[in-house]
Each structure stands twice: as structure tokens, then as C-alpha cells.
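Please open the structure in a viewer and set the display to cartoon. The tour below proceeds by selection.

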Amino acid sequence: MLFSVSVSATDVEEQQLTVLKDPNCGCCEKWLQALPDSFSVSVQHPNNLTQRKRDAGISAEVQSCHTAISSNGYVFEGHVPPTLVSHYLAGKKSANGIGLTVPGMPVGSVGMEMGTRFQPYTVYEIKKDGSITPYKQIASLEQQQALSNGGL
């Protein structure tokens, strides 16, 4: 007997993220709003946020305000453009990468928009050994906007 199973692209592409953040952080909320609908997101407000970051392999030098952890264990620290989160989860990573980080809170990054003000920043890949390597340089507001619209 033959049968078929219908699976929509949304079912296949949906990614689950658990976001750890301070409940009072407004820029974290803006970053969450920028995530595409293909992400299923749950938010936690742990009392031990810094320790949870360390436990996930994120050293103090590359921490920011919020941490997203995918269902397969990859971490996304701070204001990483959602397009880059999607590409990373799709396999655009090194063999020993555990995630991406945008250290600090650069003005103009996703969630930190302030009109036309923009501070160039680098998205780094975090390696299993704790080291980081540049993943993508965001040099201009125009490039940031293109990323926000799904472009690379």
C-alpha cells in the first residue's frame, strides 16, 4: 500500500531557540521581535544568567545582554543579526564552532537601532575551545539593513 505524507516547508525549517535574558532589557525585546517567524522562541529570565552563559561556553570577554540557545545546542550571544543565526543553523559554520557572538551592544546592531547612528561591528564565531574568529564584519547601516531584510 502506498501513502504520502505532506510536510510543509515551515515544519522543516522551524528552529527552536531558548533565549536567556534580564526581564528589564528593552533591546533584548527588540532583538526578539526581529527574529523571523520560522523560529519558535521561549524566553527565560534566570537569576544566574552570567553562570548560564559560562556553562554554555561563552566567556566573559564576548558576552552581551542576552543569549539564545538552539535546540541542537548552538549559542547566539547578543545582537547577532537573525539572518546570520539562520545561516549558521543551516550549516554555514566551522567544524568546531558552537555559535556566534556580538560582544557588547554596538549602536545600530539589531535591537540597538538609534535612527541613522551606526557603529561598525564584527560577528565572531565561538569555537569549542573558547577562542573566537571573525565570522562577518558589519561595516555600515546599509549592510545592517540588507541583513535585516534577509540578504548577506
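The stops that follow pass from the sheet to the helices and then to the core of this predicted model.

**The sheet.** Begin by selecting the strands. Seven of them, a count of 7 strands, form an open sheet in the order E2-E1-E3-E4-E5-E6-E7, and the pairing is mixed. At its edges lie strand E2 (39–44) and strand E7 (132–138), each of which pairs on one side only. From one strand to the next, the twist averages 20°.

**The E1–E3 pair.** Next, select residues 15–20 and 67–70. These are strands E1 and E3, which run antiparallel and are joined by 4 bridges. Within this pair, Leu20 is found opposite Thr67 of E3.

**Helices on the sheet.** Now add helix H4 (residues 82–89). H4 packs on the sheet and touches E1, E2, E3, strand E4 (75–78), strand E5 (97–102), strand E6 (121–127) and E7. The direction of H4 makes about 175° with that of E5. Then select helix H5 (residues 141–148), which also packs on the sheet, touching E6 and E7; its direction makes about 100° with that of E7.

**The core.** Which residues of the largest nonpolar core touch the most other members? Among its 23 residues, they are Trp31, Phe76, Val80, Val85, Leu100 and Val123. Two or more residues each come from E1, helix H2 (26–34), H4, E5, E6 and H5. H4 gives the most, with 4 residues.

**Trp31.** Finally, center the view on Trp31. Leaving aside residues up to four places away in sequence, Trp31 touches Val19, His66, Ala68, Gly78, His79, Val80, Pro82, Val85, Val110 and Gly111.

Key. Residues are numbered from 1 along each chain as its sequence is written. This is a predicted model: local features need pLDDT of at least 70, side-chain atom pairs count only at pLDDT 80 or more; totals for chains, interfaces and linings use all residues. Side-chain values use heavy atoms; hydrogens and water are left out. Two strands pair if DSSP finds at least two bridges between them. Axes are lines fitted to C-alpha atoms, for helices over the stretch in contact, and angles run from 0 to 180 degrees between N-to-C directions. Contact means heavy atoms within 4.5 Å. A nonpolar core is a set of buried Ala, Val, Leu, Ile, Met, Phe, Trp, Tyr and Cys residues joined through side-chain atoms within 4.5 Å. Buried means under 20% relative accessible area, exposed over 50%, partly exposed in between (1.4 Å probe, protein chains only).
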